[in-house]
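Subject: A structure for you to explore

Hi there,

Here is the structure I promised to pass on to you. Have it open while you read, and follow along at your own pace.

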Amino acid sequence: MTLEKYSIGVGDRFGHQGAAQLQALQQADQRGVKIVPVWNKSFREHTIVGTQPADTRHAADGAVKECSWKHSYYVDADHIGLKNVDLFLDSSNFYTLDVADFIGKAAEEREIASFVKSMAKYTAEFPLSGVRTTTRVTEEDLAAIGKKYLFAVKEAGRIYRHIAEKKGAENFVAEVSTDEANEPQTPAQLFFILAALAEEGVRVQTIAPKFTGSFLKGIDYVGSVDQFATEFEEDLLVIAHAVKTFDLPKNLKLSVHSGSDKFSLYPVIRRAIGKHDAGLHLKTAGTTWLEELIGLAMSGPEGLRVAQEVYATAHARIDELCKPYETVINIDRSKLPDPQLVRRWGSEEYASALRHTQSDPRYNLHFRQLLHVGYKVAAEMGGEYLRMLEKYQEVVGQNVTENLFDRHINPLFLGSKQS
Ligand SMILES: [Zn+2]
C-alpha cells in the first residue's frame with residue numbers, strides 16, 4: 001500500500017460525520033487536488049468513547065459508500081504500541097507506531113557502538129545543502145543520538161514486524177511518531193532516526209517528529225513561526241536526502257500531528273511543500289466533535305440545550321477530563337465562562353465562543369479547549385446525544401464540512417488555487 005502525496009487524518013469520535021468530512025475532500029478533488037482521508041482513532045479515544053476499532057472501519061466504509069468516494073482511504077490505529085496493536089489488526093490499514101515513551105531508554109552499549117560504527121560513514125553527508133542548523137555531525141553526536149533514540153527505533157521495528165507478520169507488509173501503511181516526546185528532534189537527529197529505521201527494515205511512509213513550539217489541541221500554534229519554518233523546511237530536505245541515501249519508501253513524507261487549527265503555520269507549510277514538491281500528512285482529530293457542538297447549538301433550542309449541558313458537566317468535571325490531555329492543552333480556568341451564564345446564551349453566542357475565528361472577539365480559546373476534551377460527557381449521554389446528531393445532521397454536517405474545507409484544506413493544500 002502506497003500512501004498518496006497528500007493525506008489528512010480526520011477524527012470522528014462518534015462515527016457520524018464521515019460523509020460530511022468526505023464532502024470537504026470532494027470539494028478539493030473537484031478543484032484538482034487529491035487528498036485522501038485517514039480516519040484515525042487512538043486506543044485512548046476508543047476507551048473514553050466506548051467504541052471498538054471495528055466501529056471506525058464500519059463508519060469509514062459507510063461514508064465512502066454514501067459519497068461514492070473513488071480514491072483510497074485508510075483507517076488509522078493511532079498511537080498504538082505492542083501492548084494494544086492486536087486490537088487493530090482486523091480493522092486498520094494504517095498504523096501510527098508511537099515510540100515516544102521509549103525515547104531516552106538506553107539501548108545496550110554494544111548496540112549503540114554498532115550503530116555508531118555503521119552510521120559513521122553518513123556523517124560525511126553533513127553539511128547538507130540547505131540545512132543550516134547542523135553543519136557537522138561527530139561520532140560523539142552519533143553516540144548521543146543512538147543513546148536517545150535507538151531503543152525507540154528498535155521498538156518501532158518490533159511493532160512493525162509484528163503487524164507485517166500478521167497482515168503482510170504490503171497491506172498497510174506505517175507511520176512512526178515521536179511527536180509526544182519531551183523535546184523536539186533536530187533535522188540532523190531526524191536524518192539518523194530515519195537511517196536507523198531503514199536498518200530495522202521499517203517501511204515508514206510518514207514520520208511525525210516533535211517540532212519546536214506547542215501543538216495544543218484545537219487551537220493555533222504557540223511558538224516562533226519563523227523557527228518552525230526553518231525547521232520544517234530542513235526536515236523536508238533531510239527526508240528527501242534520507243530517501244536517496246537509505247533503503248526507505250520513495251513516498252516518505254512528514255506528518256504533522258495535532259495539526260488542526262494551526263492557522264499561523266499553514267501558509268508556511270504550504271510554501272515549503274510547494275517549493276520542495278513534498279507530500280504531507282496532516283493529522284487532525286478532535287475538532288469535528290467541536291463542529292458537532294456548534295451545529296447543535298445553531299440548530300435551535302433543543303440542540304442548544306444539549307450543547308449547554310455538555311459545557312456545564314465538563315466544567316464541573318474539569319480535572320478528570322483534562323488529565324489524559326495534560327501536556328496538550330493549556331486552559332486558563334479564570335477565563336472560562338460560568339456555566340450559569342452559558343445556559344442563558346443564545347445559539348449565536350455559543351457558536352461564536354466555540355468557533356475558531358480569531359478575528360471574532362467572542363471567540364474563547366479556553367472554552368474551546370475544555371469542550372475539546374469534554375467529549376466523554378457526550379459519550380456518556382449515549383443514545384440521547386446520537387439522536388440529537390441524527391436529528392440535526394444537516395446543520396451539524398454543514399459545519400463539519402466547512403471547517404475542514406475552508407479553515408484547513410483550502411489554506412493548506414489548495415493555497416493559491418482558492419476560487
Ligand atoms: Zn500524535
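Start with the place where helix α1 meets helix α17. On the α1 side, the contact is made by Ala20, Gln21, Gln23, Ala24, Gln27 and Ala28, and their partners in α17 are Gly397, Val400, Thr401, Leu404, Phe405, Ile409, Phe413 and Leu414. Sorted by type, the residues of this contact are 9 nonpolar, 5 polar and no charged. To find the two helices, look for residues 18-30 (α1) and residues 393-414 (α17); their axes come within 8 Å and cross at roughly 35°. The crossing of α1 and α17 is right-handed. Please keep in mind throughout that this is a predicted model.

Next, the barrel. In what order do the 8 strands close into a barrel? Going round, the order is β1-β2-β3-β4-β5-β6-β7-β8, and the pairing is parallel. On average, neighbouring strands of this sheet are turned by 25° against each other, with direction ignored. Helix α3 (residues 53-67) packs on the sheet and touches both β2 and β3 (74-80), and the direction of α3 makes about 150° with that of β3. As a bit of background, strands of a sheet pair through backbone hydrogen bonds, and they can do so either parallel or antiparallel.

Let's look at strand β1, residues 6-10. Is β1 enclosed or open to the outside? Here 5 of the 5 residues are buried, so β1 is largely enclosed by the rest of the structure. Tyr6, Ile8 and Val10 point one way from the strand, while Ser7 and Gly9 point the other way.

Strand β1 has a parallel partner in β2 (residues 36-42), joined to it by 4 bridges. In this pair, valine 10 stands opposite tryptophan 39 of β2. Between these two strands the chain passes through α1, the helix we began with, and this β-α-β crossover is right-handed. Strand β1 also runs parallel to β8 (residues 280-283), again with 4 bridges. There, glycine 9 has lysine 283 as its bridge partner. Strand β8 is in turn joined by 3 bridges to β7 (residues 253-256), also in parallel. One of the pairs to look for is leucine 254 with leucine 280 in β8.

Now move round to strand β5, residues 173-177. Again 5 of the 5 residues are buried, so β5 too is largely enclosed by the rest of the structure. Both of its faces are covered, with Val173, Glu175 and Ser177 on one side and Ala174 and Val176 on the other. Strand β4 (residues 94-98) runs parallel to β5 and is joined to it by 5 bridges. Threonine 96 finds its bridge partner in glutamate 175 of β5. With β6 (residues 204-208), β5 shares 4 bridges, and these strands run parallel as well. In that pair, serine 177 is matched with alanine 208 of β6. The chain gets from β5 to β6 through helix α6 (residues 187-200), in a right-handed β-α-β crossover.

One last stop: arginine 305, which is found in helix α10 (residues 301-316). Is arginine 305 buried or partly exposed? Its count is 14 other C-beta atoms within 10 Å, and a residue needs 20 or more to be buried, so arginine 305 is partly exposed. Valine 342 lies 37 residues away from arginine 305 along the chain, with 9.9 Å between their C-alpha atoms.

Happy exploring!

How values were computed
Residues numbered from 1 in each chain as written. Predicted model: local features only at pLDDT ≥ 70, side-chain atom pairs only at ≥ 80, totals over all residues. Buried ≥ 20, exposed ≤ 12 C-beta atoms within 10 Å, placed from the backbone. Pairing = 2+ DSSP bridges. Right-handed = clockwise from strand over helix to strand, strands pointing away. Axes fitted to C-alpha atoms, helices over the stretch in contact; angles between N-to-C directions. Left-handed = near helix turned anticlockwise from the far one by under 90°. Contact = placed C-beta atoms within 7 Å. Nonpolar A, V, L, I, M, F, W, Y, C, P; charged D, E, K, R; others polar.
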